[in-house]
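These are my notes from an afternoon of looking things up. I took the places one at a time and wrote down what I found.

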Amino acid sequence: MIRLHNYTLSGSCYKVRLLLGFLEIQHELVAVDFFPGQEHKSVEFSAINPLQQIPVLDDGNLRLRDAQAILAYLARRYDTGRTWLPDDPARFGQVMMWLGFAGTELMAASAARLHDAFGFDLDIDRARSDAHAAFAVLDDHLAERQILGQTWLVGDTPTIADVACFPYVALSGDGGIGQEHYPNLRIWQKAFRRLPRFDAVSGVPEFV
Amino acid sequence: MTITSDSVALNQWFPVAYDGQVKPGASRDTILLGEPLTLRADASGDLTVQTQTGDTLPTIRAFTLVFTTLGDNPRPMPVIQEFDEPDRRVVNCGSVGVQTSPCRIVENFLDMAHFCFVHTDILGAVDETEVLSYKTRLHEDVDEIWATDCKFFQPAASQSARDASAGQLTDYIYRITSPFSVMLYKTAMGYADRLDAICLFIQPKTETDCIAYMPMALLDDVSSTTSMIDFQQTIFLQDRIILENQRPRLLPISPRSEMPTRADLSSVAYRRWLKDKGLRFGLLLEDAA
């Protein structure tokens with residue numbers, strides 16, 4: 001059985017849970033007391049992931065860290081339709097490009113949320129302005145896609161690029177980041193919410 | 001930022017940290033009622049709370065939290081005996097920042113009508129929305145408002161109930177233990193005559209920027225501590241998004257500003273009690289435009 005080392009309110013764990021749900025993969029959640037316990041910084045958890053980060057996925061003898069790597073593995077291994085991580089080289093490359101974006105630039109929105117909701121000590125003005133810059137890039141891309149009659153970040157079906165980018169966009173309100181200026185982001189989130197087996201987490205607005 | 005001049009607000013005990021938040025030898029800056037404070041932990045983790053002018057404030061350690069006060073004659077701390085019962089699991093859920101009035105946070109905690117819509121499939125179900133009649137009473141000896149005889153159908157009333165059944169009619173008792181703190185007692189899974197105790201203590205940094213702390217004293221031999229924290233945080237972050245979107249952020253106190261229903265009995269009692277105390281902090285006193 002697949003085991004996900006998980007904290008419910010983590011956006012990075014949420015994206016993995018979303019894909020496990022979309023692909024209907026049986027799994028077990030191992031609860032990590034990220035807050036307030038900071039269990040991810042414990043000696044025991046450091047043996048699981050020396051980077052002291054969640055999520056971590058165990059599948060048999062394979063252990064993976066990094067949400068984006070986990071999404072790519074699950075799609076390649078379990079998506080028999082091969083739509084969530086396309087084989088076509090150009091689309092594959094584009095998906096990987098947005099996975100990189102989700103793991104770096106977009107994490108500024110995560111930082112703002114950790115500051116506002118959980119009291120993490122960090123530069124909140126910087127986090128919010130970096131998040132807005134990332135949102136503008138994503139919104140512009142989605143505008144171009146919508147002109148072409150497309151809904152998703154890459155190709156004509158949802159991919160792990162959408163899954164990787166959704167959580168910290170949807171949870172941005174938790175970090176005091178408004179979405180008034182990103183109409184295309186809002187259209188995309190609405191479409192994402194309508195995917196079969198979509199599941200919300202606390203802080204994802206019911207109406208976007 | 002300046003400290004409030006509201007003597008009712010000043011004369012309260014407020015949490016400023018949860019146990020273990022400031023590591024031994026470390027310090028942390030925070031704000032209480034507009035007053036910047038520095039918390040310093042000694043080698044054993046005990047906290048000293050100081051103002052910017054170097055005054056050391058009194059502290060009380062209780063309910064997994066550290067409390068302090070800026071007043072000369074603070075309202076006594078509430079007595080919550082459940083935290084002293086040896087067979088209880090005392091759980092510290094950390095703290096969560098919420099940008100709204102402390103009084104809105106208290107009022108949301110008292111409200112049963114939102115269970116079905118905000119905590120769908122957990123604390124309420126969309127086909128069981130009725131708030132049955134309940135009673136409120138001012139206990140003058142301790143100056144607390146209690147709401148009793150509360151009942152609500154809940155698909156998953158707690159972590160242990162979620163694991164055990166498909167739903168239950170949960171009994172609730174609410175206690176407003178100060179203008180800025182509230183708690184509830186609710187049916188504990190597997191106990192006929194004892195109740196779980198869940199508290200909400202609020203640290204108002206300003207009138208519209210708060211830190212909420214949620215210590216619990218539960219009867220549960222089954223669930224892991226991590227899963228109990230997870231359950232409570234999931235609930236509170238569902239509330240948080242609603243609370244931060246309520247306007248005005250200050251709680252309107254004029255009876256003409258909103259139309260309460262029967263389900264709002266405890267909220268009406270709370271607002272009237274705040275008004276009788278002469279509290280201004282966190283409240284919108286004039287009629288809403």
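I began with Gly25(B), which sits in the loop between strand 1 and strand 2 (27–32) of chain B. The model is a predicted one. Is Gly25(B) buried or exposed? I looked up its relative accessible area and found 67%. The cut-off for exposed is over 50%, so Gly25(B) counts as exposed. Not counting residues up to four places away in sequence, I found that Gly25(B) touches Ala41(B) and Asp42(B). I also checked Ala43(B), which is 18 residues from Gly25(B) along the chain. The C-alpha atoms of these two residues are separated by 5.4 Å.

Next I went to Arg40(B), which has its place in strand 3 (residues 35–41) of chain B. Its relative accessible area is 39%, so I entered Arg40(B) as partly exposed. Which side chain makes a polar contact with the side chain of Arg40(B)? I found that of Gln50(B), at 2.8 Å. Leaving aside neighbours within four places in sequence, I listed the contacts of Arg40(B) as Ala26(B), Ser27(B), Asp46(B), Leu47(B), Thr48(B) and Gln50(B). For a longer view I took Pro155(B), 115 residues from Arg40(B) in sequence. From C-alpha to C-alpha, I noted 43 Å between Arg40(B) and Pro155(B).

My third entry is Gln12(B), in the loop between helix 1 (7–10) and strand 1 (14–18) of chain B. Gln12(B) has a relative accessible area of 5%. Buried means under 20%, so I put Gln12(B) down as buried. A polar atom of the Gln12(B) side chain lies 3.1 Å from the backbone oxygen of Val8(B). Beyond four places in sequence, Gln12(B) touches several residues, among them Thr68(B), Pro74(B), Arg75(B) and Phe180(B).

Since Arg75(B) was on that list, I looked there next. Arg75(B) lies in the loop between strand 7 (65–68) and strand 8 (89–91) of chain B. Its relative accessibility is 15%, and therefore Arg75(B) also counts as buried. Which backbone oxygen does the side chain of Arg75(B) reach at 2.7 Å? I found that of Asp143(B). The side chain of Arg75(B) also has a polar atom 3.0 Å from the backbone oxygen of Thr177(B). Among the other residues that Arg75(B) touches, I noted Asn11(B), Trp13(B), Glu144(B), Trp273(B) and Lys277(B).

I then turned to chain A, which is divided into domain 1 (2–78) and domain 2 (89–193). The C-alpha centres of the two domains lie 21 Å apart. How many residues of domain 1 are in contact with domain 2? I read 17 from domain 1, in contact with 17 from domain 2.

My last entry is a pair of helices in chain A. Two packed helices are described by the angle and the distance between their axes, so I wrote down both. Helix 5 (residues 107–118) and helix 6 (residues 124–147) of chain A pack at about 145 degrees, with axes 7 Å apart. Their crossing is left-handed. From helix 5 of chain A, the residues that meet helix 6 include Ala108(A), Ala112(A) and His115(A). From helix 6 of chain A, they include Ile124(A), Arg128(A) and Phe135(A). I sorted the residues of this contact by kind and entered 8 nonpolar, 1 polar and 3 charged.

Key. Residues are numbered from 1 along each chain as its sequence is written. Chains are lettered from A and ligands numbered from 1 in the order in which they are written. This is a predicted model: local features need pLDDT of at least 70, side-chain atom pairs count only at pLDDT 80 or more; totals for chains, interfaces and linings use all residues. Side-chain values use heavy atoms; hydrogens and water are left out. Helices (H or I, at least four residues) and strands (E, at least two) are DSSP runs, numbered from the N terminus. Buried means under 20% relative accessible area, exposed over 50%, partly exposed in between (1.4 Å probe, protein chains only). Contact means heavy atoms within 4.5 Å. A polar contact is a pair of N or O atoms within 3.5 Å; within protein, one must be able to donate a hydrogen and the other to accept it, and residues adjacent in sequence count only if both atoms are side-chain atoms. Axes are lines fitted to C-alpha atoms, for helices over the stretch in contact, and angles run from 0 to 180 degrees between N-to-C directions. A crossing is left-handed if the near helix is turned anticlockwise from the far one by less than a right angle, and right-handed if clockwise. Ala, Val, Leu, Ile, Met, Phe, Trp, Tyr, Cys and Pro count as nonpolar, Asp, Glu, Lys and Arg as charged, and the others, Gly among them, as polar. Domain bounds come from an automatic or database domain assignment.
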